[in-house]
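Hi there,

Here is the structure I promised to pass on. Have a look at it first, and my notes on what I found follow below.

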Amino acid sequence: MTQPTFAFSPHATPVEASERAGRIVNPGFGRVFTDHMATMRWSEGKGWHDPQITARAPIVMDPASAVLHYAQEIFEGLKAYSLDDGGIALFRPEANAARFQRSAHRLAMAELPERYFLDSCRELTLAERDWIPGGEGSALYLRPFMIASETFLGVKPSAEYLYCVIASAVGNYWPGGAKSVSLWVSREFTRAAPGGTGDAKCGGNYAASLLAQSEAIRQGCDQVVFLDAVERRWVEELGGMNIFFVFDDGTMLTPPLTGTILPGVTRDSILTLARDQGITVAEERYSIDQWQADAASGRLVEAFACGTAAVVTPIGKVSSADFAFQIGDGQPGARTSQLSKRLTDIQRARSDDPHGWVQRIA
Ligand code: COI
C-alpha cells in the first residue's frame, strides 16, 4: 500500500458512533460536519508544504489576513458515495482538481498540484468513511477551498495560502426536499461580466448573487436566474447551478461557456450523457423572451437546474416583475428524470461507466 500524503493525527474525542449515526440520517445540506479536515500550506520560497489531516477546528488567523479584505478565495464541491457493495467512490475528482487550478490562476493564487487535490479528497474521505450517509440521494460532500493567508493590507496576490478540505454529510440540497423549483429572473442584478470571474469558482461570485437570491426568496421563488450583464437578455445560470432546456422535438440547449458561466462538472456530465444517447444538445445563447415564448407555445417542454450539490432539479415555474409562466405541467419531465437517473446510477456504480468517471477508493 502506498504511503498517505497527508500526515494523519486522529481527533482525540471524535463524535460518538450513536450520535454520528443520528446526525447523518436526513442531514439536509451543509450543516453536518465530520471530525477531521485536511490542510496544506503554500508560501513564497517554500512552495507547497505541511500536508495534514487533523481534528476539524476553527482556523486561527490574523485580522489583517488578505482573504478577509480582498476576497482572494476559491473553492470546489464534489461528492463521495457509499456504494451498494460497501465500497466508496468519488465522482470525476480530476475535473474538480483541474477547475481548482483554473480558478487559482484567475484569482492570481498558487496552483495546487492535482496530486495534492486528489490525495486530500481521497485520504479525508477514507478517514471519515463512517460519516458517509447510505440513504438514496445522500453523500459525503467534500468542500476543498483555498484562502489568501498573508498578513498584509496592500492589494496584491498573497505570498501565503492555506488549502483546506472539510466534509459534510448531505442529503437533498433543497429545504423540504423540493421535487421541482421556481425561479426568479433578476432584472436589476447580474452575476458576472465579460472579463470578470464568472467562470472561476470563487466565493466572490456567490457573494455577488446573494442580494438577487434574497429577492427571489422574497418573491416566493426558490432560486434566482441571472441574465447576461451586457444585453440583459441571455439566460446565464442560477445562483449556484447551471441550466438546461428540453424542447418538443427532443433536442436540448444549455448556455455556452463564454467566460461568464461556471463550467459545471454536472453540466459537462449531462452534456456528455445526452450526446451519448444521440440527443442533439446545443450550447447556444437563449433569451428570456424566447424562453417565455417557447413555454407559452409548448415548444419548451422541460427545464432543469444542475450542479454537484443540487444534482438535477426540475424547474417548474419562472417569474419576474412583469411575467410568470409554467414549464410543461410544472412537474418533473421524462427527459429530466431519465438523465438524472442515468447520472446518479453511474455515480453510485449501478450502471456502466463508459467515460471512467467513477473513482473507487475503497
Ligand atoms: C455545488 O454544487 O457543489 C456548489 O458549489 C454550488 C453551491 C450552491 C452549493
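Around the ligand (a heavy atom within 4 Å) sit Phe75, Gly77, Tyr141, Arg143, Tyr173, Lys201, Gly240, Gly307, Thr308 and Ala309. This is a predicted model, where local features need pLDDT of at least 70 and side-chain atom pairs count only at pLDDT 80 or more, while totals for chains, interfaces and linings use all residues. Residues are numbered from 1 along each chain as its sequence is written, and side-chain values use heavy atoms, with hydrogens and water left out.

Three polar contacts (N or O atoms within 3.5 Å) involve oxygen atoms of the ligand: a polar side-chain atom of Tyr141 at 2.6 Å, a polar backbone atom of Ala309 at 2.8 Å, and a backbone N or O atom of Thr308 at 3.2 Å. The protein covers 90% of the 280 Å² of accessible area (Shrake-Rupley, 1.4 Å probe) that the ligand has on its own.

Now to the helices (DSSP runs of H or I, at least four residues). H6 (residues 265–276) packs against H8 (residues 334–347) at about 110°, with the axes, lines fitted to C-alpha atoms over the stretch in contact, 10 Å apart. The two are therefore roughly perpendicular (65 to 115 degrees) to each other.

Best wishes

Notes. Axes are lines fitted to C-alpha atoms, for helices over the stretch in contact, and angles run from 0 to 180 degrees between N-to-C directions. Helices (H or I, at least four residues) and strands (E, at least two) are DSSP runs, numbered from the N terminus. Angles under 35 degrees count as roughly parallel, over 145 as roughly antiparallel, 65 to 115 as roughly perpendicular and the rest as oblique. A polar contact is a pair of N or O atoms within 3.5 Å; within protein, one must be able to donate a hydrogen and the other to accept it, and residues adjacent in sequence count only if both atoms are side-chain atoms.
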